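I opened a fresh page today and wanted to see what the atoms would tell me. My plan was to go from the overall fold to the rings, and then to the empty spaces.

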Amino acid sequence: RKTLAAAQANPSAECFHEFRSRAKVLWHQLRIVRPVNAVVLKNLSAELAAVGDLLGQAHDLNFLGERLRDNDGSAQWQREAEQLLGVARAGEGQLQRGATELGEHFFVERPRDFGDRIAEWVRNWERDGAPSVAEELI
């Protein structure tokens, strides 16, 4: 939530990269606990994966833009490069906005409440006789 807020306050490539990194960490964590509530956590994981994908594509466009901006202006294709830079900037912004909207939806719940909900699922899962890892793999 903090990195999302930072990216919204300062929509730089660095802030969005940090948001993407944090979303990916949470995505990995949710995959670990998925068995405690497979349907819900699979959907949440998919949303986080989508955030990561959108921001990954935005990062790629930012990288392309950096390469285009580093051009010294002597290339024969400078005019095309300037047009492509405009397209890359617009695409990067659209992808960041999409990730932000999805992130706002995902991170609307307070972390403590989210953690309490997961803890309750774990308790229920254990109480109901959690299968062993070997049983889950079979």
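Here are my entries, in the order I looked things up.

**Entry 1: the fold**

I noted first that this is a predicted model. I then asked how many helices and strands the protein has. The secondary structure comes to six helices and zero strands. Reading along the sequence, I wrote down the pattern α-α-α-α-α-α. I also looked up burial and found that 30% of the 138 residues count as buried. For contacts with a separation of 6 or more, I found that 65% are between residues 24 or more positions apart.

**Entry 2: one tryptophan**

Next I picked W121, which I located in helix α5. Is W121 buried or exposed? Its relative accessibility is 13%, and the cut-off for buried is under 20%, so W121 counts as buried. I then asked which residues W121 is in contact with, leaving aside its neighbours within four places in sequence. My list reads V36, N37, V40 and L41. I also checked W121 against V33: the two are 88 residues apart in sequence, while their C-alpha atoms are 9.5 Å apart in space.

**Entry 3: the rings**

I searched for aromatic pairs and got three in the structure. For F106 and F107, I noted ring centres 4.9 Å apart and planes at 80 degrees; over 60 degrees counts as edge-to-face, so that is my label for this pair. Both partners went into my burial column: F106 is buried at a relative accessible area of 11%, and F107 counts as buried at 15%. Which residues do the ring pairs link into a cluster? I wrote down F19, F106, F107 and F114.

I kept a separate note for a charge over a ring. R67 lies over the face of F63, and I recorded 4.4 Å from the ring centre.

**Entry 4: the closed space**

I searched the whole structure for cavities of 30 Å³ or more and found one. The volume I noted for the largest cavity is about 70 Å³. Which residues line the largest cavity? I listed A13, F16, H17, R20, L55, A58, H59, N62, E92 and Q96. Sorting this lining by type, I got four nonpolar, four polar and two charged residues. I also traced the lining back to the helices: α2 (13–33), α3 (38–69) and α4 (78–106) each supply at least two residues.

**Entry 5: the open space**

Then I turned to the largest pocket, with a volume of about 450 Å³. I counted 19 lining residues, and those closest to the pocket centre are R1, L26, F106, F107 and P111. I was pleased to meet F106 and F107 again here, since I had already logged them as members of the ring cluster. The elements giving two or more residues to this lining are α1 (2–9), α2, α3, α4 and α5 (111–127). Which element gives the largest share of the pocket lining? I found that α2 does, with six residues. By type, I split the pocket lining into ten nonpolar, three polar and six charged residues.

**Entry 6: where the notes meet**

Looking back over the page, I see helix α5 twice: it holds W121, and it is among the elements giving two or more residues to the lining of the largest pocket. Helix α2 also comes up for both spaces, in the lining of the largest cavity and in that of the largest pocket.

Notes: Residues are numbered from 1 along each chain as its sequence is written. This is a predicted model: local features need pLDDT of at least 70, side-chain atom pairs count only at pLDDT 80 or more; totals for chains, interfaces and linings use all residues. Side-chain values use heavy atoms; hydrogens and water are left out. Rings of Phe, Tyr and Trp (its six-membered ring) pair if their centres lie within 6.5 Å; planes under 30 degrees apart count as stacked, over 60 as edge-to-face and the rest as tilted. Buried means under 20% relative accessible area, exposed over 50%, partly exposed in between (1.4 Å probe, protein chains only). A charge sits over a ring if NZ of Lys or CZ of Arg is within 6 Å of the ring centre and within 35 degrees of the ring normal. On a 1 Å grid over the protein atoms alone, a cavity is a set of points where a 1.4 Å probe fits but cannot get out, and a pocket is an open set with protein on both sides within 12 Å along at least five of seven lines; lining residues have an atom within 4 Å of a point. Grid points are joined across faces, edges and corners, and a volume is the space filled by probe spheres set on the points. Helices (H or I, at least four residues) and strands (E, at least two) are DSSP runs, numbered from the N terminus. Ala, Val, Leu, Ile, Met, Phe, Trp, Tyr, Cys and Pro count as nonpolar, Asp, Glu, Lys and Arg as charged, and the others, Gly among them, as polar. Contact means heavy atoms within 4.5 Å.
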